[in-house]
Amino acid sequence: MNKNGSIELNSFANASAVQSNYNIFTPLKNNRYLVYNSLKASFALWDKDDMSLYKKAKKRNYSVHDNQIKEMVYGGYLTSSAVSEMELLQNKYNATRKGSRSMTMTVAPTLGCNFACDYCFQGLDKAFATMDDEIQNAIVETVKHISPKLHSIQMAWYGGEPLIERKLIYKMSERIIEVCKETQTGYTAFVVTNGWFLNVEVAKRLEELFVKRIQVTLDGPALFHDEQRYLLSRKPTFHRIIENLQNIVNNDINIFFDIRVNIDTRNQDHIIALIDTMEEYGLSGKNLGMYFAPVEGITEGCHDASATSMSKKKYGILEADLYRYAFEKKLTSLPYPPNFFGLCTATNPKSVVVVPNGDLHKCWDTVSWPSMAVGNIKDYDSIFSDDRYIKWNSWSPFDDPICNNCKILPNCAGACAYKFVHNDKLRGEAAALPCPSWKYNINERLFLRAEKLGMVKKEDWDDSISVTNLETRDHQYDKKTRTSKLQTQILAPA
């Protein structure tokens with residue numbers, strides 16, 4: 001094993017080649033296969049001879065240094081019998097999660113919001129209290145305390161609706177940036193906003209304060225969005241938001257905009273129209289991209305959302321189609337499975353979420369529930385001995401038998417720690433099956449990538465064999481025992 005925790009095949013001169021546990025196959029017409037290895041993130045197109053050679057490796061004692069299989073070994077599709085892929089994966093995960101010299105500090109200057117979205121996980125009864133000077137000073141002092149030990153800090157401005165308190169954000173950003181300059185710590189920021197206050201003037205000011213990304217939510221074209229994401233006065237919001245975006249991207253502001261689209265059974269048929277509307281507003285091909293997310297009943301504040309949530313299977317199929325359509329409209333990039341998707345603020349030992357009264361949380365989803373706080377910003381170091389913090393920090397996807405047997409574990413890494421740590425708070429399928437949409441449409445999304453890269457043609461897809469494994473889509477998951485009645489891996493061909 002080298003100093004980075006990886007294992008060198010050359011260390012095992014006499015080792016034989018075995019099939020990787022992390023190969024995912026998309027069968028195509030004419031006995032061809034798209035092959036993706038989630039551990040090494042390698043991607044290839046095989047013909048029947050390649051597949052025949054791969055299968056032989058299971059029966060024959062090939063050396064890992066055999067020239068006949070060297071490309072498969074290089075891509076990770078075949079690996080050394082002396083290598084534990086699980087150990088290798090776990091070492092990489094732990095090094096990334098616990099060895100990082102970066103942190104994200106999420107700050108909610110207010111939990112108040114000018115919107116009344118019916119599915120909001122924070123509930124609709126939000127306090128409009130703002131962050132006082134004592135808490136602001138404690139945040140700055142904490143950054144002074146932490147930053148010398150770090151390579152970089154990322155500030156995330158969150159709410160409620162953070163831009164209600166945009167002047168506070170400006171003032172706090174200036175102070176924290178000055179601290180990072182003094183300690184020679186890298187600094188970037190992003191903002192999660194509903195977009196109502198996000199005009200050109202605000203965007204320019206945020207750009208000056210090193211905000212690199214801003215997330216804005218649109219849940220459909222005007223007719224649907226305004227039924228679901230309206231002001232507290234029930235007035236519509238769509239046209240103001242999309243005109244804000246249009247004005248900003250046409251002013252050469254160096255911020256990337258992530259357009260989040262929350263999807264449930266009510267708006268599933270309206271998302272194509274939203275994509276078309278964004279194209280009509282001239283947002284295609286700009287510094288802006290869309291991504292899609294299922295609405296789930298993840299907290300007590302949004303349990304009613306479970307009634308309109310889509311099943312994992314149906315959502316996965318729809319999402320794959322939407323990414324194809326949006327890519328062709330220049331509103332998404334080509335999909336590629338993420339690396340350790342589940343590594344977020346909640347799993348980084350140093351990262352925290354700060355709410356207006358100074359309480360510290362590990363996860364954005366708990367900010368409205370004081371009982372889930374792990375400490376207070378006035379004594380940041382005390383969090384490390386808090387039982388609730390320890391519960392978050394000790395959680396690992398490698399302790400879960402379903403995750404351990406899944407071929408997308410290197411991509412997913414458990415996806416959402418909240419769904420494990422606070423599984424008892426969830427409702428609906430989200431509670432029983434905390435897997436990401438990639439598990440239900442990985443073949444479709446990899447094929448889109450291969451098609452647009454010129455590796456395959458659209459007609460190479462065969463609905464009878466190419467779809468993401470149907471057993472994976474339809475398996476039944478028991479929340480109490482955390483066991484599956486069907487094999488949950490994405491299977492290689494026999």
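**Exercise 1.** In this predicted model, is Gln184 buried or exposed? Work out where it sits and what its backbone does.

*Solution.* Start with accessibility: Gln184 has 74% relative accessibility, so it counts as exposed, the cut-off being over 50%. Next, place it on the chain: Gln184 belongs to the loop between α5 and β8 (186-193). Finally, check the backbone: phi of Gln184 is near 55 degrees, which is positive even though the residue isn't a glycine. That's worth a glance, since most residues other than glycine have a negative phi.

**Exercise 2.** Now do the same for Asp252: what is its phi, and which elements flank its loop?

*Solution.* Phi first: Asp252 comes out positive at about 55 degrees, and it's no glycine either. Then the neighbours along the chain: its loop runs between α8 (238-249) and β10 (256-263). As for accessibility, a relative accessible area of 71% makes Asp252 exposed.

**Exercise 3.** Find the cis peptide bond that ends at Gly160 and place that residue.

*Solution.* Look at the bond from Gly159 to Gly160: omega is near 15 degrees, so it's cis. Gly160 itself lies in the loop between β7 (152-157) and α5 (166-183).

**Exercise 4.** Take helix α3 (residues 85-98): how far apart are its end C-alpha atoms, and which of its residues are buried?

*Solution.* At 1.5 Å a residue, the 14 residues should span 20 Å, and the ends are indeed 20 Å apart, so the two agree. Now the buried set: Glu85, Leu88, Leu89, Tyr93 and Arg97. These cover an arc of only 155 degrees around the axis, so they sit on the same side of α3. Last step, their partners: the buried residues of α3 pack against β5 (78-80), α11 (387-394) and α13 (409-412).

Technical notes
Residues numbered from 1 in each chain as written. Predicted model: local features only at pLDDT ≥ 70, side-chain atom pairs only at ≥ 80, totals over all residues. Heavy atoms only, no water. Helix = DSSP H or I, 4+ residues; strand = E, 2+ residues; numbered from the N terminus. Expected span 1.5 Å × (residues − 1). Buried < 20%, exposed > 50% of the residue type's maximum accessible area, 1.4 Å probe, protein only. Arc of directions from axis to C-beta. Contact = heavy atoms within 4.5 Å.
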